[in-house]
Amino acid sequence: MIKLKILYFLIMTASCLYFKEPLLMFLFFLTNVAVWCIARISINELFTSFKRYTPFFFFIAVSYAILGDFDEDFLISNSLQTGINLHGIVSGIGMALRVYNIVLSSLIVRKAGSPHDLYRMLRAMKVPDSIALPFEVTSALLEIRFSSRNGSDQKQKFKIANLSSLLRGNITPLVESIGKSFLNARKIIMERNPFIREVQLNELIVIASLSFLIMSIRMIKILPGIPFAPGHKSLIIIPFYILAHELSSSRWGSTKTGFTVGIISFMMGFGKFGVFELLKHVSPGLFVDLTVPVMKGIFKRGSPLIYCTLGVMISTFRFSTLLVVTLLASPPEGAYYVLVFIFVSHIIVGALSGFITYPLLKSVDVIKSMLGEQ
């Protein structure tokens, strides 16, 4: 069944990328709703997904209505000569549906199973443990942490004082959390594969533990739920991408971590853009793996300024999801100015992350010693 749903997702994505006509987008939307019902997925989840998507939907429709080209056949004017660009509104709704149809079809795939089901499917396809096992171990770590608190910690609060302490270089709590995650991950991996080689074991521990910590940060509440600082959790997440590269025995440790986080985020329903969430996590990981070796070759000794600059570049890639879905909706040029505020917020957070990355990497030897603990 899951293979059939994946095939449906690929066909729907290709169709939405090839066509742009609003009428076709509406027909594709009705098709998605029909398949959703046939798959017996809760209709409440459909409403929830649309509710989360509504701000972006509204943004695209309004930008087309205000900034799009007027078509005289669709123009409605009142006595004050204020024009309503009906043609723009229809076009905007169609382009917003273009993105949402891809998102909705990816959600149908997601409802085919849990991260554990994904792991079993990958094993059945003879996918190596180095790729499949991080999903299973990360999911198990999340279950251990959140089941122990009766599921209440999805709304945990991370005190501003703790954040301020991290920015001042007090990364002891962070290092302790990493050490605990290493121990738990080692235990889970050894239970599932007691004959795994030490090198592969350490690689899996790093990827699963840091993926777990990134997911934990995504689940907690750091700042009040108002959109004055989009991307603020990157302040702690970005250092983990760089740490994954430093601790991994392969060159692609950060990419693997980003891929694991992206898949689990998608399977657990994080983010409003479905499968596009993968870009938000894989692209910065790939950038880190490609850039850090070059940076080390140029700058023999690291500094907060270097890692602040690196954090700015990484944060632009974490912004990629919103940029890609906006490009896919093809709004008028003026609409992109609205994204400037969000982009600037990401840049500021990325720069500040360097003040956490620098002391964290200075403690990398301590962290490596924790990795080898039995």
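The crossing of helices α9 and α11 is right-handed, and it offers a convenient place to enter this structure, which is a predicted model. The two helices, α9 and α11 (residues 253–267), pack with their axes 9 Å apart and at an angle of about 45°, which means that α9 is oblique to α11. On the α9 side, the contact is made by E203, I207, L210, S211, I214, M215 and R218, while α11 contributes G253, K256, T257, T260, V261, I264 and S265.

From this helix pair the reader can move to the nonpolar interior. The largest nonpolar core has 98 residues, and within it F56, V99, F240 and L243 are the ones that touch the most other members. Helix α9, spanning residues 198–219, supplies the largest share of this core, namely 12 residues. One of those four residues, L243, can be followed further: once its neighbours within four places in sequence are left aside, L243 is in contact with I178, L210, L360, L361, V364 and I367. Of these partners, L210 is also listed among the α9 residues that make the contact with α11.

A separate site worth inspecting is S139, which is placed in helix α6, a helix that covers residues 129–147. The relative accessible area of S139 is 6%, and because buried means under 20%, S139 counts as buried. Its side chain has a polar partner in the backbone, since a polar atom of the S139 side chain lies 2.8 Å from the backbone oxygen of F135.

How values were computed
Residues numbered from 1 in each chain as written. Predicted model: local features only at pLDDT ≥ 70, side-chain atom pairs only at ≥ 80, totals over all residues. Heavy atoms only, no water. Helix = DSSP H or I, 4+ residues; strand = E, 2+ residues; numbered from the N terminus. Buried < 20%, exposed > 50% of the residue type's maximum accessible area, 1.4 Å probe, protein only. Polar contact = N/O pair within 3.5 Å; in protein donor to acceptor, adjacent residues only side chain to side chain. Core = buried A, V, L, I, M, F, W, Y, C linked by side-chain atoms within 4.5 Å. Contact = heavy atoms within 4.5 Å. Axes fitted to C-alpha atoms, helices over the stretch in contact; angles between N-to-C directions. Parallel < 35°, antiparallel > 145°, perpendicular 65-115°, else oblique. Left-handed = near helix turned anticlockwise from the far one by under 90°.
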